[in-house]
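Student: Pick one part of this model and take me through it closely. I would like the backbone oddities first, then the surroundings.

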Amino acid sequence: MEQKSLWTVGGILLCAAVGGILIWHHLSQSPSYTPPAQEPPGKGVVGNVKLNKDSYDTLITYTDSGFTPSDITIAQGTRVRFLNNSAQEIWPASGIHPTHTLYPEKESGDCLGSSFDSCTTLAKGEFYDFTFYYVGAWPYHDHLHAYQTGTITVTAK
Ligand SMILES: [Cu+2]
């Protein structure tokens with residue numbers, strides 16, 4: 001009987017060790033990505049859902065309680081729509097308020113610290129679309145109500 005329980009304990013330990021090695025192996029195999037010198041531009045665009053039929057991949061809706069969902073994980077090249085469905089005007093932009101410099105894409109025509117910035121207020125029914133090419137976790141916020149925040153996590157394709 002004692003020998004049997006020793007075998008059981010041994011078996012459990014062996015399973016744990018093998019499981020641990022498999023998990024470690026999986027984690028160490030996480031995709032590596034070497035970014036090009038310049039990622040393609042995300043080309044943000046502002047529009048109105050009634051008039052503009054531009055396509056997008058993922059929707060974040062802004063209601064009176066903030067961004068929903070606020071935190072998303074997407075693959076590189078995913079176009080995200082920030083749609084204002086609240087009673088107030090909003091201004092989605094890269095963190096961190098007020099400089100907006102965290103997202104690394106920056107073009108000469110950008111209004112503040114990065115290209116990930118609607119650069120204008122959005123009324124109810126208006127949206128801002130932006131395509132994320134830079135891999136990383138990018139905090140964003142509503143520039144008009146900076147306590148409303150979220151994070152776009154972009155994974156390598
Ligand atoms: Cu801001």
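**The loop between S6 and S7**

Tutor: Start with the chain-wide contact pattern: of the contacts between residues at least 6 apart in sequence, 60% join residues at least 24 apart. Keep in mind that this is a predicted model. The chain has 157 residues, and 25% of them are buried. It holds 1 helix and 9 strands. Along the sequence the order is α-β-β-β-β-β-β-β-β-β.

Now the loop itself. Strand S6 covers 92–94, and strand S7 covers 126–132. Ile96, His100 and Cys119 are placed in the loop between them.

Take Ile96 first. The peptide bond between Gly95 and Ile96 is cis, with omega about 0°. Another cis bond runs from Thr68 to Pro69, where omega is near -10°. Pro69 sits elsewhere, in the loop between strand S3 (66–68) and strand S4 (71–75).

Next, His100. This residue is not a glycine, yet its phi is positive, about 60°. Is His100 buried or exposed? His100 counts as buried because 23 C-beta neighbours lie inside 10 Å, and the cut-off for buried is 20 or more.

Cys119 makes a useful comparison. Its phi is near 60°, again a positive value in a residue other than glycine. The burial class is another matter: Cys119 has 17 C-beta neighbours inside 10 Å, so it counts as partly exposed. That class lies between the cut-offs of 12 or fewer for exposed and 20 or more for buried. Cys119 also has a distant partner in sequence. Gly44 is 75 residues away along the chain, while the C-alpha atoms of the two are 9.5 Å apart.

Look now at the strand on the N-terminal side of the loop. S6 belongs to an open sheet of 4 strands, ordered S4-S9-S8-S6, with mixed pairing. S4 and S6 are its edge strands, each pairing on one side only. On average, neighbouring strands in this sheet are turned by 30° against each other, direction ignored. The partner of S6 is S8, joined in the antiparallel sense over 3 bridges. One residue pair to find on screen is Ser94 with its bridge partner Tyr140 in S8.

On the other side of the loop, S7 leads into the largest nonpolar core. S7 gives this core 4 residues, the largest share. The elements that give two or more residues are S2 (58–63), S5 (78–84), S7, S8 (136–142) and S9 (145–155). S8 is therefore worth viewing twice: as the partner of S6, and as a contributor to this core. The core has 19 residues, and those touching the most other members are Val80, Phe82, Phe116, Trp138 and Ile152. In soluble globular proteins, nonpolar side chains tend to be buried together.

Val80 shows how the core ties in distant stretches. Beyond its neighbours within four places in sequence, Val80 is in contact with Tyr56, Asp57, Thr58, Ile60, Ile74, Phe130, Phe132 and Ile152. Ile152 is also on the list of residues touching the most core members.

To recap the loop: a cis bond at Gly95 and Ile96, a positive phi at buried His100, and another positive phi at partly exposed Cys119.

Methods:
Residues numbered from 1 in each chain as written. Predicted model: local features only at pLDDT ≥ 70, side-chain atom pairs only at ≥ 80, totals over all residues. Core = buried A, V, L, I, M, F, W, Y, C linked by C-beta atoms within 7 Å. Contact = placed C-beta atoms within 7 Å. Pairing = 2+ DSSP bridges. Axes fitted to C-alpha atoms, helices over the stretch in contact; angles between N-to-C directions.
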